Amino acid sequence: MLLGAQEQFLSYNGEVLIFQLSKPKRVEGAADKTINLCVRRMAFNRDTKLFVQKSSGVFSICASHFKIEIVCCSCITDSRTGIILPCILMKKKKRNNIVKYLLLLLHSSNQFEQSFHFKLDYELKEDIRLFTGPSVLWRHANKLFYISSNTCTVLSAPVQLSSVVWTGEIENEGTVILGIRTACLPESENEDEFSTSDRAIWGSEFFGYAIERQKTLTGTCFMPHAYSRVVSSVYVCKNEILKKQLRISLVAITNKNQLIWFQDGLPKGVCDLPYEKPCSVITAVTSSNDLLFIVSFASGNICVIQRRDSLQVASKWQKVKSVLVDDFIGSGREQLLLLFKDDSNADVLSAFRITDLGGVDYASGINYKHGVPAAEGLQENGFLTVQALETRLQAGWKCVRELQQHLQLKKRVILKSCQALIDLVEGRTHILPPAEKEGLVSLWDDVENPPHSLSKEASLASNIPEHFVEKLWQRVVGDSLVVGVKLIESFYLSLSDVSLSLVLDQDFSSISQIIECRNKIIKLNKAFSALSVSSCQIEPPPKKTRLDLHSKNDLKKVCPKRCSRVQLDGAKTAIAVTSLSPLLAFHRVCCIVLLHAKKQKRQNDHLQERKKITVLCGKIFLSLEDISNGKYSVKMLRDNSYCTGSMEDILSVLAVSIRFCFQIVSSDCTLTPVNSWLLGEMECTPFKECHDNIFCHKAGNVYGTVFNWTLKNPFEGVLTLFCRNLTVLFQCLHSLTRVLPPSCDVKLLRSGSKGVLTEQLALALEKEMLTLRSSFFSKESKAENSFAWRNEPGKKINDAPVASLLDSEEGVQQFRKKLQKEQEESVLSMNQTMNGAIYQQIALKIAEAQLSSDMIVWRLS
């Protein structure tokens, strides 16, 4: 029977628990059949600088024919109450090699509670862990076994493993063990190739197993499999779920005498250990918010590693019996308690040291009362000074954060003021946000309940993302300035009728602040295999009067050349083109870029309600010096049969060009000469970004022309040209007609091929029909009726025979009143009314739908 020599130490709520086995006092004549498990609660006294006993408890165990030992102890969570309690695993071994294990819980009243017991025909020796429940987990014959207070039955996990390096809680997974096993290479091809090769090389792998969910986790989220041959113990410092992914931070010790820091499965730092054979690692957070790693060695040595800029050994000690981490002095942060081996003194807490490698440092063997009071006062003063400095530092950081927030608030107020100024310049009503939203005090009376229209616009503006511009760029092409705004995906897909405006940032009283420009929308698909440009088209003679509720404030009166009727479905970039020479008269120019669009909102019957919005995209700066140095020039160079212009260069060339589309039909021979003409005589090379479009490098006026040749079949194709002017167009056509067969028919297409326009016309007519139907049969028009039909079909006007009513004077008067009432109801039923605003909206929707279909019909004609 092992007695006296066995002691176990455990820290709990700032106290040191000492567990010992002892024999009770023997009574004469009585048989010695019991063993006492004693516990002493020791607390540190800051006055005497010594540990004093607060309380004690005893648990008696029947020891007849048993050999009793304390296997291990730990603080675990009681699943019944959620309270963390000390837990002790005891072993009672019989002579016939039957081993009985008891799991005890220690309550605050020093009362022991037997949670459960179980019997085995072997002893627990490998990877014994206590965890929530209470539960016990161990490894035997490369298999994993566990038992909990809920089942009280030994269960086996369906995994084979060679060691367990960590057990703990993982978010959303419960209790998880991290182990090492022989590599199980997958047969499927969907596994990560690097992970598979890693396991194949080393022959072993990490894996996680969730006890409650009986689920295997991927080991690479902890560490690469290459470390499975050397890692002996792991401590998980932090685990959390971010964006539906498990993020883990941990440290591991290896049999190569190293400590390695891992973040999300990747090594981030390494430190060589000062001793050999490291056993375990735990952590502590000190009063200076330093994270310490405490490594224990088989020789009884201890070292502490600090993690700041890098991992470094901060301190080390030898002949340490045990190391505990807790708040022993009651400062609110953790300290290390080192218990040293001292054979000369029977008291287990006779040689100790409490430290956090900072302001806290208490050691045994010093008479603090009569020995060196000056040193004591110096230590206390130093500790208080460090705390005061930390408080001042935190207050300073708080002031810095408040200043940063104040600066951000100033920036937002200035931007909103600029937006209000721009709206004033453009003649639009600006919606002022409430002052309370920014934590400000309003200088005027805010309207508590704004009108319905204003609240709608305010809510619409709030739906616009703050960072909607992916890129703002500018290029100079000839005498034109090209400004492009690339929008983020989530922003532009819900917009239509997009255009850009350029507003001078300087104050020029003699000229208009708004720069006249024309707009284009460049559409490129994801594969860059098709290209089209929406630009200002010549409109047919007007057949109907356009209705626009906001025509008074429309910028078309100020900038008549600006085109805003362009669709952005699938578009990447909105582009504005303006004349460059007038801007160079100012030498240095700063322009504000504004984006105008209509926000679309899906309604019933697939209709879309549109609200006009204007958003500030940013600023561009232009100087004569930059243009002279070629800073914004377009660069189109040849590189291995490709044109290496950037996407901004390509868009700039297309934006300043005029688009012409020709349908070429040959009845006698194929159209192979067209491709040879483009690559040969015209010296064209395809763009590296979009191969279907080719750039002309031929010297002369035709240089810079962009072609797109699409074959519908060997005898029919569509040639699209993007050229600077009509002279270049005529030169290209004259050169083309010399290589085409005489029987070829070349026809100018006004806007794309006939098949595409036919499909667009069908969609436009369908939309027009749906608009008419929804306008006259919607719930809105029904709800705004001033009167309702009062007569139902089949309702009798006269309830009594006419003859009986005409017999007397009173009957005649009653008949006359009924007849007059029926006449009034009949007139009212034929004159139902509608709200004027609703009628105006319906007329505007119908007019827009009809104008769209009429435009496509004109292009087909």
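# A strand-rich predicted model: pairings, salt bridges and a surface patch

Strands E22 (residues 291-297) and E23 pair in the antiparallel sense, with five bridges between them. That pairing is a good place to start in this predicted model, which contains 14 helices and 43 strands. The briefing below goes from the overall numbers to strand E23 and its neighbours, then to an open sheet, the salt bridges and a nonpolar surface patch.

**The protein as a whole**

- Of the 861 residues in the protein, 40% are buried.
- About 48500 Å² of the protein is exposed, and carbon and sulfur atoms supply 52% of that area.
- If you take the contacts between residues at least 6 apart in sequence, 55% of them join residues at least 24 apart.

**Strand E23 and its two partners**

- Strand E23 covers residues 302-307, and five of its six residues are buried, so the rest of the structure largely encloses this strand.
- On the E22 side, phenylalanine 293 has isoleucine 305 of E23 as its bridge partner.
- The hairpin of E22 and E23 has four residues between the strands, and glycine 300 in this hairpin takes a positive phi near 90 degrees.
- Strand E23 also runs antiparallel to strand E24 (residues 311-317), with six bridges joining the two.
- Here isoleucine 305 turns up again, as the bridge partner of valine 313 in E24.
- Three residues make up the connection in the hairpin that joins E23 to E24.
- As a reminder for reading these pairings, strands of a sheet pair through backbone hydrogen bonds, either parallel or antiparallel.

**An open sheet of four strands**

- Strands E9, E10, E11 and E12 form an open sheet in the order E9-E10-E11-E12, and the pairing is antiparallel.
- The edges are taken by strand E9 (126-131) and strand E12 (155-160); each has a single partner strand, so one side of each has no neighbour in the sheet.
- From one strand to the next, the twist averages 20 degrees.
- Looking at one edge, E9 and strand E10 (residues 135-140) run antiparallel and are joined by four bridges.
- Phenylalanine 131 is found opposite serine 135 of E10.

**Salt bridges**

- The protein has 21 salt bridges, counting a side-chain nitrogen of Lys or Arg within 4 Å of a carboxyl oxygen of Asp or Glu.
- Aspartate 264 and arginine 247 form one such pair, with their closest N and O atoms 2.7 Å apart.
- Aspartate 264 sits in the loop between strand E19 (258-263) and strand E20 (266-272), while arginine 247 belongs to strand E18 (residues 245-254), so this salt bridge ties together parts that are 17 residues apart in sequence.
- Both ends of the pair are partly exposed: aspartate 264 has a relative accessible area of 26%, and arginine 247 has 31% relative accessibility.
- Glutamate 648 forms a salt bridge with lysine 471, and the closest N and O atoms are 2.9 Å apart.
- With glutamate 648 in helix H7 (residues 647-656) and lysine 471 in strand E29 (residues 469-477), the pair ties together parts that are 177 residues apart in sequence.
- Glutamate 648 is buried, at a relative accessible area of 13%, whereas lysine 471 is partly exposed at 38% relative accessibility.
- Arginine 353 forms a salt bridge with aspartate 361, where the closest N and O atoms are 2.9 Å apart.
- Arginine 353 is partly exposed, with 27% relative accessible area, and aspartate 361 is partly exposed too, at 28% relative accessibility.
- A network of salt bridges links Lys67, Glu69, Lys91, Lys93 and Glu123.

**A nonpolar patch on the surface**

- Leu393, Trp397 and Val400 form a nonpolar surface patch, and together they have about 310 Å² of accessible area.
- Valine 400, one of these residues, lies in helix H2, which spans residues 373-426.
- Valine 400 counts as partly exposed because its relative accessibility is 35%, between the 20% limit for buried and the 50% limit for exposed.

Conventions. Residues are numbered from 1 along each chain as its sequence is written. This is a predicted model: local features need pLDDT of at least 70, side-chain atom pairs count only at pLDDT 80 or more; totals for chains, interfaces and linings use all residues. Side-chain values use heavy atoms; hydrogens and water are left out. Patches are made of residues with over 30% relative accessible area and no salt bridge: like charges are joined within 9 Å, nonpolar side chains (Val, Leu, Ile, Met, Phe, Trp, Tyr) within 5 Å. Accessible areas come from the Shrake-Rupley method with a 1.4 Å probe; for residues, only the protein chains shown count as cover. Buried means under 20% relative accessible area, exposed over 50%, partly exposed in between (1.4 Å probe, protein chains only). Two strands pair if DSSP finds at least two bridges between them. Axes are lines fitted to C-alpha atoms, for helices over the stretch in contact, and angles run from 0 to 180 degrees between N-to-C directions. Contact means heavy atoms within 4.5 Å.
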